[in-house]
Amino acid sequence: MVTFSTTVERWGVHEIELAGPSGGNPFAEVRLSARYQYRNRVVEAEGFYDGDGVYRVRFMPDAVGPWRFTTVSNVEELDGCSGGFEVGPPAQGNHGPVRAAGTGFVYADGTPYLPFGTTAYHWTHDMDEERERRTLRTLKSSPFNKLRMCVLPTGPMTPPEVPFAGKDPDGLDLTRFNPVFFRHLEAGVRDLRDIGVEADVILFHPYDGGVRGFQDMGREVDHAFVRYVIARLSAYRNVWWSAANEYDFNRAKTVADWDDILRTIVRHDPYEHLRSIHNGTRMFEVASLYDFTKPWITHQSIQHWDATPTDAWLAACPKPVVIDEISYEGNIGKRWGNVTAQELVDRFWEGVTRGGYVGHGESLAGFQDRAWIGNGGGLYGESPARIAFLRTIVEQRRDGTLLRYLGRRQPAHVTVDLPAGSAYEVELIDTWNMTVTPVDGVHRDRVRVGLPREPYLALRMTRVGDR
């Protein structure tokens, strides 16, 4: 039996469902893929076993028109199944997957994408339907259009389901996956897609405390895990791959191991989704950052408490800089989890005006049972509204518009040299109080602006004409 959709939108998901063997270990013993053809181009997508004798192949078509497919398998009943389907134009809001373009990002249809990300590592792991709905409502009304989330749970937490078969934490069978867990995970990715949020999927992390041994599963299991996750999730256009969170805290893996994992992602993801890897707090040594110039990396995912090196990172590696973790607005005892909202917003402005992108996190205790960075839910901090204001400022930016951030400094006035040959209107931005005040006149060559002796101010210079 072969079931498949006959129509799908561009950058949507075409799915083939097949009935096959359930004996033995289908996760390890059965190979399945489908060769999709559009005109003279063929793209191969790997399939996966979804339990109960059901096999699936998912594919994201990138061109409008007729497509055909043929399955390839080492199992006779799954091999040589074929069919055709029609791909129509993308629906409203569907711009395709995000790509790196120089030091910025753009959707596949050419629409600019500016990442304003946040973190809720385990928002799908508890399988708490109400909390997940609340997380999605919170995201939908927030400025955040990217969410960092983990596949592997954190030990010693024991969620209802885990990625592998068996009883948690003892008796896991690392050669078999748990389709119940993955169906729930991928539903979360789809829900994010439907509200316009990119899912920055973190494949590995060093936080199992040795309880489950996820840090050191061995290369063969690592590869099988990566391939299974890619087979299930890569057809969703909103997916990014993060090979690891705080990769350098994992003592069981070397940089060569991480290189191998990233190359494995490249080999098995037919859509070339964005790929990076995130460092831990050995960030104090610049040499400990991953070498983002390597060809399998699309952008720089950095943890650092200070945004001012953004210029240097861009100069050393001309790929987008995303400071995914720059400390969190919060009140917990951890150094990384108790900066003020003012400090976090300051770091956002510093990074963005230097040409990078900055990520948000909230670790405020006392408002819900677990903080946002762990399990989502609601946001209670003061920074999201100010980050939304920054996003509006950046999205309004036109060619020839200049932004200068003054940060925590409080001079009585500032003088700015303007590009020769053009006239500019100047505005004073209070980044905390979210106000924009015009500076009288049209200015050429140089402008001197009196300031109210307050921190967190910025200037916007908008070109209004040439001489």
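Reader: Let's start in the middle of a sheet. Which residue in E16 is the bridge partner of leucine 147?

Author: Leucine 147 has alanine 199 in E16 as its bridge partner. A word on the source before we go on: this is a predicted model, in which local features need pLDDT of at least 70 and side-chain atom pairs count only at pLDDT 80 or more, while totals for chains, interfaces and linings use all residues. Residues are numbered from 1 along each chain as its sequence is written, and side-chain values use heavy atoms, with hydrogens and water left out.

Reader: How do I read labels such as E16, and what makes two strands a pair?

Author: Strands (E, at least two residues) and helices (H or I, at least four) are DSSP runs numbered from the N terminus. Two strands pair if DSSP finds at least two bridges between them. Here, strand E13 (residues 146-150) and strand E16 (residues 198-204) run parallel and are joined by 5 bridges.

Reader: In what order do the strands of that open sheet come?

Author: The order is E12-E13-E16-E17-E18, 5 strands with parallel pairing. Strand E12 (117-119) and strand E18 (275-276) each have a single partner strand, so one side of each has no neighbour in the sheet.

Reader: Which helices lie across these strands?

Author: Two terms help here. Contact means heavy atoms within 4.5 Å. Axes are lines fitted to C-alpha atoms, for helices over the stretch in contact, and angles run from 0 to 180 degrees between N-to-C directions. Helix H3 (residues 179-194) lies across E13, E16 and strand E17 (239-244), at about 175 degrees to E13. Helix H5 (residues 255-268) lies across E16, E17 and E18, at about 160 degrees to E17.

Reader: Leucine 192 is in helix H3. Is leucine 192 buried or exposed?

Author: The general scale is this: buried means under 20% relative accessible area, exposed over 50%, and partly exposed in between (1.4 Å probe, protein chains only). Leucine 192 has a relative accessible area of 0%, so it is buried. Leaving out residues up to four places away in sequence, leucine 192 touches, among others, Leu147 and Ala199, the bridge partners you began with.

Reader: And what does aspartate 259 in helix H5 touch?

Author: Tyr290, Lys294 and Trp296, not counting residues up to four places away in sequence. Aspartate 259 counts as buried because its relative accessible area is 11%.

Reader: Where does threonine 124 lie?

Author: Threonine 124 is in the loop between E12 and helix H2 (129-140). Its relative accessibility is 5%, so threonine 124 counts as buried. Beyond its neighbours within four places in sequence, threonine 124 is in contact with Glu132, Met149, His184, Leu185 and Gly188.

Reader: Now the cores. Which residues touch the most other members of the largest nonpolar core?

Author: A nonpolar core is a set of buried Ala, Val, Leu, Ile, Met, Phe, Trp, Tyr and Cys residues joined through side-chain atoms within 4.5 Å. The largest has 106 residues, and Tyr36, Leu203, Phe204, Phe225 and Ile277 touch the most other members. Helix H4 (residues 219-233) gives the most to this core, with 8 residues. A second, separate core of 13 residues includes Leu406, Leu428, Val447 and Leu451.

Reader: What does H4 lie across?

Author: H4 lies across E5 and strand E6 (54-59), at about 110 degrees to E5. E5 and E6 belong to an open sheet of 8 strands with mixed pairing, in the order E1-E3-E6-E5-E4-E7-E8-E2. From one strand to the next, the twist averages 30 degrees. Strand E4 (residues 32-38) and strand E5 (residues 41-49) run antiparallel, joined by 6 bridges, and arginine 35 has glutamate 44 in E5 as its bridge partner.

Reader: Which face of strand E25 is covered?

Author: In a regular strand the side chains alternate between the two faces of the sheet. In strand E25 (residues 413-417), Val414 and Val416 make the covered face, while His413, Thr415 and Asp417 make the uncovered one. E25 pairs with strand E28 (residues 446-450) in the antiparallel sense over 5 bridges, and aspartate 417 stands opposite arginine 446 in E28.

Reader: Finally, how many disulfides does the structure hold?

Author: A disulfide is a pair of cysteine sulfur atoms within 2.5 Å, and the structure holds 0 of them. Cysteine 81 counts as buried, at 12% relative accessibility, and so does cysteine 317, at 4%.
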